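Welcome to this tour. Open your viewer, keep the selection tool handy, and follow along stop by stop.

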Amino acid sequence: MSPAKTASNTEDYLRMYRQMVRIRTFEDNANQLYLSAKMPGLTHMYSGEEAVAVGICEALKITDKITSTHRGHGHCVAKGAAFKEMFCELLGKEEGYCRGKGGSMHIADQSNGNLGANAIVGGSMGIATGSAFTAKLLGKDDVTVCFFGDGATAQGLMYEVMNMAALWKLPVIYACENNGYSEYTRTDEIAAGSITARAEAFGIEAHQVDGQDVLAVNELTEQLVARARKGEGPFFMELMTYRYHGHHVGDINREYYRSKEEEKDWKENRDPIIKFRGWLVEQGIATEDEIEALNDAVRKDAEEAVTYALEARYPDESEVDMHVFTDVKHALA
Amino acid sequence: MREITLSQAVNEALAEEMRRDETVFIIGEDVAEAGTPFKVLSGLVEEFGTSRVVDTPIAEPGFMGLAVGAAMTGTRPVVDLMFGDFIYLIMDQLCNQAAKTHYMSGGKMSAPLVLRTNLGATRRSAAQHSQSLHALVAHIPGLKVAMPSSAYEAKGLMKTAIRDDNPVVIFEDKLMYNDKAPVPEEEYLIPFGEANILREGADITLIGTSSMVQVCEAAAEILAKEGISAEVIDPRTIVPLDEDTLINSAKKTSRVIVVDEGHQSYGVTGEIAGRINEKAFYHLDAPVLRMGAMDVPVPFTPALEDLTVPTPEAVVEKARKLMSGEMIHAA
């Protein structure tokens, strides 16, 4: 681990650890809901990539914005969302963040600056850039982080908006979560050349960082966010990480595109939570017992939220034509 | 009353709204010093500066996507799409993102933006600069669609669009930019979803959108000389659609022709005809006729292009047939 902060930042470290555990725990529960056929549809697991979302979001203020992806639960948790509203959304319940109308792939939490997940790969790159445009136009010092995967680097929209962000020095950070796979295809089969060089071609300062090291991610993000606030943006980060599950929860037999040995290696030797936990204990920031207690508390929170969400109400049928337009209560009335 | 062009009317609407609300900005290709190829925006950058009249690279999906994000976070972008034909390039950002933001978030977020673009053939611009594609976006729940038919309409509808909290697409007819009409000096807005009855009549209803309103009015003049009294209605916005006014007119006259410059098949004319059939069926003396643009790509040569859009003469011919009972069983 990179020795980013001093041991006096105990609370920060423990919050980062807790947020990573919350993401992993959320995903484990979501996966179980899918496997037990209690969740409608499919979902895309963030497990394995926790240090990316947490390292970045811990460097942001509540007023800073993010845009997220189809693999978005991690971003949502890291930006401050609550389990209860998240599980309700995944289960299509009225109390979900989007009243059950968005689901896993559109979960959003604007109260914490999360402008939403997006089911179009690369679809939120314009939105993130526009959010940064707002900050500049209105003279606010908000920074926007655009999360996207390596697969989205193949979309043309990315190059169009990076060009504009660079021309206009917008306070946006493009955060490429390179988990090595573009859906069911190895990234090196779909991405020619270097990913960071693509940003550099627009004059955007680009960094590659170990996405399994939460302190390294956080340290870099802190620096870039501070500079973006001063008008030195945009920036680009490529975060080298790994997706433990398949493309989605139903992608179980995946040996045709990646080996079990490879998965085992990442899980055992490069797990962001295990690594950070070891560092916390080694630095004397927390004891094993304290860590276990923290893990248990998160597990209990998640279980309670799942139980709550399973029993929560679905939206009334009358909601089907609500929220089509802002100024019409029922669009089809 | 003074008369100004449609182009000046749009320019005034934008200037007034930008003075009123500092979160309104214009973004698109060649919108600043160039003032667009049609010169609709001339003078705005001088007043509002390049931070609010923003020239972009030629990257329609990029600046459309940027506008969606800007709208979601507290501004009111007016996106300038140089030709309506380019709407295909921005469909994901418009239809998958902007149109669904409010619904997908359960009403918590919205994207209050205006997409200004155009329609209309017979400018000898061939198949990729002449299409009238408003039906494509009218099909998508969450988007409002306005179709001004004169300078007066263009100004009032634009001001309403900018103040609307939903994504609104405005299609101006590019052949009408220099057409003058009386426009008051005083501020006014035209509400969405309220059709305008331009001419009252008893025998037949002509419903027209955008420049087809002029076509309907010209047809009504000719028909009047033949003793046929035509009612002419401009829906102004096709989403929301003032169905009541259209249905009531159909009930009154019992014969209807719907004229629109989009391709006829699966288009606005069919939608309006369908609604009239459903709600005024027992009042009708003849099938509701659809007159759209021909279902062909717009040809370049004037010899062919002029055949593809409805004309007053063609409307008159259909109206005569409806009146004589010739078309009760066939269109």
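Before selecting anything, learn one word: a residue counts as buried if 20 or more other C-beta atoms lie within 10 Å of its own. Keep in mind, too, that this is a predicted model.

**Stop 1: a covered helix in chain B**

Select residues 151-163 of chain B, which form helix α7. Is this helix covered or not? It is mostly covered, as 12 of its 13 residues are buried. Colour the buried ones to see them: A151(B), Y152(B), E153(B), A154(B), K155(B), G156(B), L157(B), M158(B), K159(B), T160(B), A161(B) and I162(B).

Now try a length check on α7(B). At 1.5 Å a residue, its 13 residues should span 18 Å, and the end C-alpha atoms are 19 Å apart, which agrees. While the helix is on screen, here is a handy rule: an α-helix has 3.6 residues a turn, so residues three or four places apart point the same way.

**Stop 2: the two domains of chain B**

Zoom out and colour chain B in two parts: domain 1 covers 3-182 and domain 2 covers 196-330. Their C-alpha centres lie 27 Å apart. Where they touch, domain 1 of chain B brings 26 residues and domain 2 of chain B brings 23. Look at the domain 1 side of this contact: α6 (134-138), β6 (144-146), α7 and β7 (168-173) of chain B each supply at least two residues. So the helix from the previous stop appears here again. The residues on that side divide into 15 nonpolar, seven polar and four charged.

**Stop 3: a sheet in chain B**

Next, show the open sheet of five strands with the order β9-β11-β10-β13-β14 (chain B), where the pairing is mixed. At its edges stand β9 (196-199) and β14 (289-293) of chain B; each has a single partner strand, so one side of each is left without a neighbour in the sheet. On average, neighbouring strands here are turned by 25° against each other, direction ignored.

Pick out β10 (204-208) and β11 (230-234) of chain B, a pair that runs in the parallel sense over four bridges. Which residue is the bridge partner of L206(B) in β11(B)? Select V232(B) to find that partner. Then add helix α10 (268-280) of chain B, which lies across β10, β13 (256-263) and β14 of chain B and runs at about 155° to β13(B).

**Stop 4: where the chains meet**

Show both chains together. Here 37 residues of chain B are in contact with 35 residues of chain A. On the chain B side, α3 (60-72), α4 (91-97) and α5 (101-104) each supply at least two residues, and α3(B) gives the most, with 11. This side of chain B divides into 15 nonpolar, 19 polar and three charged residues.

**Stop 5: a sheet and a helix in chain A**

Finally, move to chain A and its open sheet of five strands, ordered β1-β2-β3-β7-β6, with parallel pairing. Its edge strands are β1 (65-67) and β6 (205-210) of chain A, each pairing on one side only. Three bridges join β1(A) to β2 (144-149) of chain A; in β2(A), T144(A) is the bridge partner of K65(A). Packed on the sheet is α5(A), which touches β1, β2 and β3 (172-178) of chain A.

Select α5(A) itself, residues 125-137. Because 13 of its 13 residues are buried, this helix is largely enclosed by the rest of the structure. Just past it, click G139(A), whose phi is positive, near 70°.

Notes: Residues numbered from 1 in each chain as written. Chains lettered and ligands numbered in written order. Predicted model: local features only at pLDDT ≥ 70, side-chain atom pairs only at ≥ 80, totals over all residues. Contact = placed C-beta atoms within 7 Å. Nonpolar A, V, L, I, M, F, W, Y, C, P; charged D, E, K, R; others polar. Expected span 1.5 Å × (residues − 1). Domains from an automatic or database assignment. Pairing = 2+ DSSP bridges. Axes fitted to C-alpha atoms, helices over the stretch in contact; angles between N-to-C directions.
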